[in-house]
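Thank you all for coming; I would like to spend a few minutes going through one model with you. Please have the sequence and the structure open while I talk.

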Amino acid sequence: MEEMNETSISKRNCLRGVCREENAEAGNLTKNFVSHTHKTLTNSEISEQADSKIERFESETFENTHSERKNLASRLCVHKNEKTLICNVCGKKFSYKSVLKLHFLIHTGEKPYVCQICSKAFAWKNVLKYHMFTHTNERPFVCEICCKAFINNGQLKTHLLTHTNKKPYVCEICSKAFTERGSLKCHMLIHTNEKRYVCEICSKAFTQSGGLKSHLLIHTEEKPFVCEICSKAFKHSSNLKSHLLTHTKEKPFVCEICSKAFKHSSNMKSHLLTHTKERPFVCEICSKAFKHSSNLNSHLLIHTNEKPYVCEICTKAFRHKCSLKTHLLTHTKEKHHV
């Protein structure tokens, strides 16, 4: 991989290509992005753009890699696919001594490349290079469709799949498909019911470390994700991402039937059910069907007779939060306006 020069890292052009303004900080890039009026794209247009960028990315990567391998093979006079060097620990074969040397670090646990800021150590130099971006908050690889930025090309390539309908990683048990191998791996824990990550405060367990990390914020008042435009803070990055759309007024998710646009994919998914008579969420007790999972969850309380919402003043309990909210007005003597 070619080393990135300082100019390519320290200055980046307008994310949408609307103007020639250059910005050194990610925050300025976001504000520059908000300053332009954007065309709302349909799902098919977004998918076409992503496919084009993935194809271009793969083509450039192949050309660069092919050229580098050809030159290296020429210098070393190594025949194609000839792997004569064998790791004496695991038996894996390699063509080049330098690659075998790097591979051997996996077995020795040696990490010669140390971050001078946080002292974290790495086995490979390029991994340390990308780690440094976590200290500078630099993410030089930017998606031209949604402007999300990444530390390396690999993350950007994986992200581009989210703008298409391609999900190459399929669960062999339930056939659910994913864009990333890591997502499939996490999904498999659902079938095993394995929850390795346990909260030390309340003992709640999670299948993924990210779930535990997000959960821990419940026990604190910490809100680490701050909007660079209005300074509003959030506990989760997903909430910040959704909030940013209020500044751009952008509605990137468009219904292909009636052209109604939405800020979030979940809202569009729910909206699509209005065009059909489909009710995919079915009660297993009485077979009543609902369009939305939230409606099914509320309905199930009828069968369990559970009333989870309790008034702190008179201890009267209710099945639904809205019912409790209405009831509280009786204590304040306020009139409920519908």
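Before I point to any side chains, let me fix one term: I call a residue buried when its relative accessible area is under 20%, computed with a 1.4 Å probe and with protein chains only. I should also say at the outset that what you see is a predicted model.

With that term in hand, let us begin at helix α4, which runs over residues 97-108. This helix has 12 residues, and from its first C-alpha to its last it reaches 17 Å, which is close to the 16 Å expected at 1.5 Å a residue. Which residues of α4 are buried? They are Leu-100, His-103 and Leu-105, and the cover over the buried residues of this helix includes the strands β3, at 85-86, and β4, at 93-94. Just after α4 comes Gly-109, where the phi is positive, at about 75°.

Stepping back to the protein as a whole, we have 12 helices and 20 strands, and of its 338 residues 24% count as buried. The exposed area is about 24,300 Å², of which carbon and sulfur atoms supply 52%. If we take the contacts with a separation of 6 or more, residues 24 or more positions apart account for 18% of them.

Now to the cysteines, where some care is needed. How many disulfides does the model have? The count comes to zero, and two cysteines let us follow the reasoning, given that a pair of sulfur atoms has to lie within 2.5 Å to be counted. For Cys-227 the closest cysteine sulfur is that of Cys-230, and because the two are 3.7 Å apart, they are too far for a bond. For Cys-283 the closest cysteine sulfur belongs to Cys-286, and that distance, 3.7 Å, is likewise too far for a bond. Cys-227 is buried, with a relative accessible area of 2%, and Cys-283 is buried too, with a relative accessible area of 2%.

Finally, a word on confidence. The mean pLDDT of the protein is 75, and 74% of its residues reach 70 or more. Over residues 23-27, however, the pLDDT stays under 50, and for this stretch the model has 11 contacts beyond four places in sequence. Residues 74-80 also have a pLDDT below 50, with four contacts in the model beyond near neighbours in sequence. Where pLDDT is low, the predicted coordinates should not be read in detail.

Conventions
Residues numbered from 1 in each chain as written. Predicted model: local features only at pLDDT ≥ 70, side-chain atom pairs only at ≥ 80, totals over all residues. Heavy atoms only, no water. Helix = DSSP H or I, 4+ residues; strand = E, 2+ residues; numbered from the N terminus. Buried < 20%, exposed > 50% of the residue type's maximum accessible area, 1.4 Å probe, protein only. Contact = heavy atoms within 4.5 Å. Areas by Shrake-Rupley, 256 points an atom, 1.4 Å probe, with all protein chains shown as cover. pLDDT = per-residue confidence, 0-100. Expected span 1.5 Å × (residues − 1).
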